[in-house]
Amino acid sequence: MYLPLQIFIFVFIICYFFSLWINRSLLCKQDFIEQDEFDTNQRRLLNFGHTFGHPIEVASNYQISHGVAIGIGMLVAIEFVKNESKQATMLRQYIEGIILLGIPEKTKVDFNELMKAFTTDKKQTYKYYVVILPDEDGALYPYYMLKTTTALKFVEAAYVTVFE
């Protein structure tokens, strides 16, 4: 008889804490936007995982959700710099545990489409591929790669390793 009420209270408490967390996240993003309205400096750090992740969404024909694709993009960024730090290892394990739940079975990713989408992502500049990478301490920084075939080979190798 009390079980439905207990479930209601439990769900209410979860929703309340999620709303606090979402509100805090939005306030953090607002702070970034107010400091860097045109996405030229600190705000770029919010793109961690996005430059590698958006092409995954496209190449999977949007069968992989945005959040999961960005999580995979974070793994690609970690792989790209061959970061084996404790922070990177913990983040990798956390993300892998979450994204495995969000990838539909039999989802195919077209690597030609993936690389095409990477090169044409809106965050890229005329001269550089711009990605956000983690250093050994876990701090994020923008990395500018000249648009060369060698750069694309490194990017593709990171994607391939993560998708193996």
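In this predicted model, the 15 positive and 18 negative charges of the protein chain have mean positions that lie 4 Å apart.

The overall architecture was examined next. The protein chain contains six helices and two strands. Along the sequence, these elements are arranged in the pattern α-α-α-α-α-β-β-α, with the two strands placed just before the final helix. Along the principal axes, the C-alpha atoms of the protein chain occupy a box of roughly 65 × 40 × 30 Å.

Contacts and burial were then considered. Of the contacts in the protein chain that link residues at least 6 apart in sequence, 58% are between residues at least 24 apart. The protein chain has 164 residues, and 33% of them are buried. The area exposed by the protein chain is about 11100 Å², and 62% of this area is supplied by carbon and sulfur atoms.

One feature of the surface is a nonpolar patch of about 830 Å². The residues that make this patch are I7, F10, V11, I14, F18, W21, I22 and L26. One of these residues, L26, is located in helix 1, which covers residues 3-35. L26 is classed as exposed because its relative accessibility is 55%, and the cut-off for an exposed residue is over 50%. Thus L26 is both a member of the nonpolar surface patch and a residue of helix 1.

Definitions and conventions:
Residues are numbered from 1 along each chain as its sequence is written. This is a predicted model: local features need pLDDT of at least 70, side-chain atom pairs count only at pLDDT 80 or more; totals for chains, interfaces and linings use all residues. Side-chain values use heavy atoms; hydrogens and water are left out. Patches are made of residues with over 30% relative accessible area and no salt bridge: like charges are joined within 9 Å, nonpolar side chains (Val, Leu, Ile, Met, Phe, Trp, Tyr) within 5 Å. Accessible areas come from the Shrake-Rupley method with a 1.4 Å probe; for residues, only the protein chains shown count as cover. A salt bridge is a side-chain nitrogen of Lys or Arg within 4 Å of a carboxyl oxygen of Asp or Glu. Helices (H or I, at least four residues) and strands (E, at least two) are DSSP runs, numbered from the N terminus. Buried means under 20% relative accessible area, exposed over 50%, partly exposed in between (1.4 Å probe, protein chains only). Contact means heavy atoms within 4.5 Å. Lys and Arg count as positive and Asp and Glu as negative; His and the chain ends are not counted. The place of a charge is taken as NZ of Lys, CZ of Arg, CG of Asp or CD of Glu.
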